[in-house]
Amino acid sequence: TMQEKIEEHERKMRKKLEHQLHEKDAKLLDRDALHRDLSYRLKRLEAVSEQAADEQLKVKEYSVLVNSLRRESEKLRHRLRKDHHDDLAKEVENISKAYEDMSEQNSRLLSQMEEKDRLSNNLLTERLKNQHNIQLLKAELQTQREHLETTEKLRANQEMWIEKMYGLLETMHNAERHSCRQNSELQTLGL
C-alpha cells in the first residue's frame, strides 16, 4: 500500500541519515572537512527548501485545479438532476475520478513535503550540533594553549632558580677555596 511504501522510504532515509551521521562523527576532528561538510549540508538544505517551495506551489496549483474540478462537478451534477442525460452522468463520473486521482496525488505531495521538511530540520539540527562541537573544540584548544603557556613560564622560572643555585654554589666553592688558602697560609706562617 501507499502507507507501507512511505514507511519503507522513511526507514531507508533514516538508515541512510544515521549512516551518514556516523561517518560525519568520525570526521569531526578534521575542521576543514567539517567546514566543507557544513557548507555542503547548507547548500543541500537550501536546495531542499527550494524544492519544498516548488512542491508547495504545485500543491497550490493542484488545489486551485481541484476546486475548479469540484465546481465543474457540482454544475454537472445539477444538470444531471435536471435532464437525466446519460452522457452527463458519465462525464460527472470521469470528473469525480479525476478529482479522486488529484486528491491522492495531493496527499502524496503533502507526504513528500512533510518528509522533506523533516529532513531539512534534521540537517539543521545536525549543523547546530556540529557548530557546538566546533566551539567546544576551540575552547579545549584555548585551554591547552593556556596550560602550555603556564608550563613554559614554570619551566623558565625553574631554570632561573637553577642558575641562581649554581651561582650560589659556585660562590660557596670559591669561598671555601679562599678559606682553604687562608688556612694554608696561616699554617705556613705558623711553621
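Visitor: Why is Lys 97 called partly exposed?

Guide: Welcome! This is a predicted model, and every value here is computed from it. Lys 97 has a relative accessibility of 48%. Buried would need under 20% and exposed over 50%, so Lys 97 falls in between and counts as partly exposed.

Visitor: What makes Lys 97 and Asp 101 a salt bridge?

Guide: The closest N and O atoms of Lys 97 and Asp 101 are 3.1 Å apart. The limit for a salt bridge is 4 Å between a side-chain nitrogen of Lys or Arg and a carboxyl oxygen of Asp or Glu, so this pair qualifies. Both residues lie in helix H3, 4 residues apart, which is about one turn of the helix. Asp 101 counts as partly exposed, at 33% relative accessibility.

Visitor: Why can side chains pair like that at all?

Guide: Side chains of opposite charge can pair when their charged atoms come close.

Visitor: How many salt bridges does the structure hold?

Guide: There are 4 of them. One of the pairs is Glu 115 with Arg 118, at 2.5 Å from N to O. That value is also within 4 Å, so the name salt bridge fits.

Visitor: Why are Glu 115 and Arg 118 separated by about one helical turn?

Guide: Because they are 3 residues apart in helix H3.

Visitor: Is Glu 115 buried or exposed, and how do you know?

Guide: Glu 115 has a relative accessible area of 9%. The cut-off for buried is under 20%, so Glu 115 is buried. Its partner Arg 118 has 28%, which lies between 20% and 50%, so Arg 118 is partly exposed.

Visitor: Which residues are linked in a network of salt bridges?

Guide: The network links Glu 152, Arg 155 and Glu 159. Within this group, the closest N and O atoms of Arg 155 and Glu 159 are 2.6 Å apart, and these two residues sit 4 residues apart in helix H3, about one turn of the helix. Arg 155 has a relative accessible area of 41% and Glu 159 has 40%. Both values lie between 20% and 50%, so both residues are partly exposed.

Visitor: Helix H3 keeps coming up. What other elements are in the protein chain?

Guide: The chain has 3 helices and 0 strands, and from the N terminus on its elements run α-α-α. H1 covers 2-26, H2 covers residues 31-83, and H3 covers residues 86-190.

Visitor: What makes Ser 120 a buried residue?

Guide: Ser 120, in helix H3, has 10% relative accessibility. Since buried means under 20%, Ser 120 counts as buried. Leaving aside neighbours within four places in sequence, Ser 120 is in contact with Leu 45 and Val 48.

Visitor: Why is Asn 106 called buried?

Guide: Asn 106 also lies in helix H3. Its relative accessible area is 11%, and the limit is under 20%, so Asn 106 is buried. Not counting residues up to four places away in sequence, Asn 106 touches Tyr 62, Ser 63 and Val 66. Across the chain, buried residues make up 17% of the 191 residues.

Visitor: How do you know that Asp 54 is partly exposed?

Guide: Asp 54 has 46% relative accessibility. That is neither under 20% nor over 50%, so Asp 54 counts as partly exposed. Asp 54 lies in helix H2, and its C-alpha atom is separated by 9.8 Å from that of Met 113, although the two are 59 residues apart along the chain.

Visitor: Which helix gives the most to the lining of the largest pocket?

Guide: H3 does, with 6 residues. The lining has 10 residues, and those nearest the centre are Ile 6, His 9, Ser 111, Gln 112 and Glu 115. H1 and H3 each supply at least two residues of it. About 240 Å³ of space lies in this pocket.

Visitor: Which residues make the nonpolar surface patch?

Guide: Ile 162, Met 165, Tyr 166, Leu 168, Leu 169 and Met 172 make a patch of about 640 Å². Met 172 is in helix H3.

Notes
Residues numbered from 1 in each chain as written. Predicted model: local features only at pLDDT ≥ 70, side-chain atom pairs only at ≥ 80, totals over all residues. Heavy atoms only, no water. Buried < 20%, exposed > 50% of the residue type's maximum accessible area, 1.4 Å probe, protein only. Contact = heavy atoms within 4.5 Å. Patch = residues over 30% accessible without salt bridge, like charges linked within 9 Å, V, L, I, M, F, W, Y side chains within 5 Å. Areas by Shrake-Rupley, 256 points an atom, 1.4 Å probe, with all protein chains shown as cover. 1 Å grid on protein atoms, 1.4 Å probe; cavity = no way out; pocket = protein on both sides within 12 Å on 5 of 7 lines; lining within 4 Å. Points joined across faces, edges and corners; volume = space filled by probe spheres on them.
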